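Subject: Structure handover and notes

Dear colleague,

I am passing on the structure we spoke about, and my notes on it follow below. Please read them with the structure open beside you.

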Amino acid sequence: MPTHADPAAPAAAVPTDPAAFLREHAATQAPNVQSYRLPGEQWWLKRAGASHGAGRYRAMAVLARLLGLAVLRPVPTPGGPAAIAIEVRRLQDFAARGLRAPEVLAVQHDAFLMRHLGAPDEETHSLGNEIDHAVAEGPEAVLALWRQGLDAIARVHASGTCLSQAFARNLVRCPDGVVGYVDFEDDPATALPLAVCHARDALCYAQSTALYLRQAGALDAARALWAAWLGAQGPDMRAVLATTVRRLRWLRHLPPSRRLGRDLQRVRAAYDLLAP
């Protein structure tokens with residue numbers, strides 16, 4: 001789900017019936033996701049995309065078995081109306097747990113309508129973008145934002161659930177400073193034990209942020225914060241993470257060089273963050 005206001009979004013009168021608004025606009029909307037500006041309001045309408053076949057997960061499943069790493073087992077993302085149903089259910093579940101997520105206003109089988117997560121017409125920045133932009137301000141600025149992400153993930157885990165893909169781009173900082181959660185087109189807990197889901201969340205967050213920590217000169221300080229955060233997590237989750245890091249120790253042989261390309265740089269930086 002986009003997390004910022006679309007300057008090209010059509011303006012509309014304030015509707016009295018979100019369900020009627022959804023029926024009308026889902027039938028004519030061209031993009032899968034569209035923002036609508038209304039007086040004092042901003043809504044997002046999300047339509048179902050193409051359905052996904054199961055074949056795309058086979059290679060990852062084979063790799064997970066070869067490496068003996070449960071965190072790499074694929075989580076189906078079905079696409080189509082099934083993905084709409086999953087996302088609506090998960091958004092509503094997060095709201096019921098007191099976790100900040102977009103409010104679902106109306107639902108039909110192939111689309112749903114949700115309220116903008118933040119102030120109307122104001123960009124709600126992803127935590128990933130904010131950490132990236134803070135690199136120029138130095139390690140303290142980066143660590144303060146990075147710690148907010150850790151705390152936000154811990155709140156989800158303490159509530160008894162998990163995220164879908166806990167990359168920093170799917171955590172957003174609302175105007176009041178609270179971190180919210182977006183993009184729920186899959187449900188890892190339906191395919192993996194909860195401890196594995198929690199470890200998967202931690203790994204996604206580390207992979208998406210460790211390079212920024214390195215660039216800001218904050219990696220060593222972050223390792224201490226990570227160790228303290230991990231110590232407060234459940235023993236099953238810690239055991240899954242320890243096994244994962246141990247079996248990926250070959251990553252330490254990768255040089256932290258730009259010649260590797262940014263994706264491998266992220267992986268190497270994440271290993272350096274996680275390795276004991």
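Helices and strands are taken here as DSSP runs, a helix having at least four residues and a strand at least two, and they are numbered from the N terminus. Please also keep in mind that this is a predicted model.

With that in place, Gly160, which comes just after helix H5, takes a positive phi of about 95°. Helix H5 itself covers residues 139–158, and its 20 residues reach 28 Å from the first C-alpha to the last, which is close to the 28 Å expected at 1.5 Å a residue. Several of its residues are buried, among them Val142, Trp146, Ala152, Ile153, Val156 and His157.

Ala152 leads on to Tyr181, because the side chain of Tyr181 reaches the backbone oxygen of Ala152 at 2.7 Å and Tyr181 is itself buried, with a relative accessible area of 1%. Tyr181 lies in strand S7, which spans residues 179–181. Leaving aside neighbours within four places in sequence, Tyr181 is in contact with a set of residues that includes Phe94, Leu99, Arg100, Pro102, Leu117, Ala152, Arg155, Val156 and Asn170. Of these, Arg100 is 81 residues away from Tyr181 along the chain, yet the C-alpha atoms of the two are separated by 6.3 Å.

The next topic is charge pairing. Side chains of opposite charge can pair when their charged atoms come close. A search of the whole structure finds 11 salt bridges, and three of the pairs are described here one by one.

In one of them, the side chains of Lys46 and Glu185 meet with 2.7 Å from N to O. Lys46 lies in strand S2 (residues 41–47) and Glu185 in the loop between S7 and helix H6 (194–215), so the pair ties together parts that are 139 residues apart in sequence. Lys46 is buried, at a relative accessible area of 5%, whereas Glu185 is partly exposed, at 36%.

Another salt bridge joins Glu103 to Arg115, with their closest N and O atoms 2.3 Å apart. This pair links distant parts of the chain, since Glu103 is in the loop between helix H3 (80–96) and strand S3 (104–108) while Arg115 is in strand S4 (residues 111–115), 12 residues apart. Glu103 is partly exposed, with a relative accessible area of 42%, and Arg115 is also partly exposed, with 24%. Glu103 and Arg115 belong, together with Glu41, to a network of salt bridges.

A further salt bridge brings together the side chains of Arg214 and Asp272, at 2.4 Å from N to O. Here Arg214 is in helix H6 and Asp272 in helix H9 (residues 262–274), 58 residues apart, and the pair again links distant parts of the chain. Arg214 counts as partly exposed at 29% relative accessibility, while Asp272 is buried, with a relative accessible area of 15%.

Arg214 also appears in the packing of two helices. How do the axes of H6 and helix H7 (residues 219–231) cross? They come within 10 Å and cross at roughly 155°, and because angles over 145 degrees count as roughly antiparallel, H6 and H7 are roughly antiparallel to each other. The contact is made by Ala202, Ala206, Ala210, Leu213 and Arg214 of H6, and by Leu219, Ala222, Trp226 and Trp229 of H7.

With best wishes

Terms used: Residues are numbered from 1 along each chain as its sequence is written. This is a predicted model: local features need pLDDT of at least 70, side-chain atom pairs count only at pLDDT 80 or more; totals for chains, interfaces and linings use all residues. Side-chain values use heavy atoms; hydrogens and water are left out. Buried means under 20% relative accessible area, exposed over 50%, partly exposed in between (1.4 Å probe, protein chains only). Contact means heavy atoms within 4.5 Å. A polar contact is a pair of N or O atoms within 3.5 Å; within protein, one must be able to donate a hydrogen and the other to accept it, and residues adjacent in sequence count only if both atoms are side-chain atoms. The expected span of a helix is 1.5 Å times one less than its number of residues. A salt bridge is a side-chain nitrogen of Lys or Arg within 4 Å of a carboxyl oxygen of Asp or Glu. Axes are lines fitted to C-alpha atoms, for helices over the stretch in contact, and angles run from 0 to 180 degrees between N-to-C directions. Angles under 35 degrees count as roughly parallel, over 145 as roughly antiparallel, 65 to 115 as roughly perpendicular and the rest as oblique.
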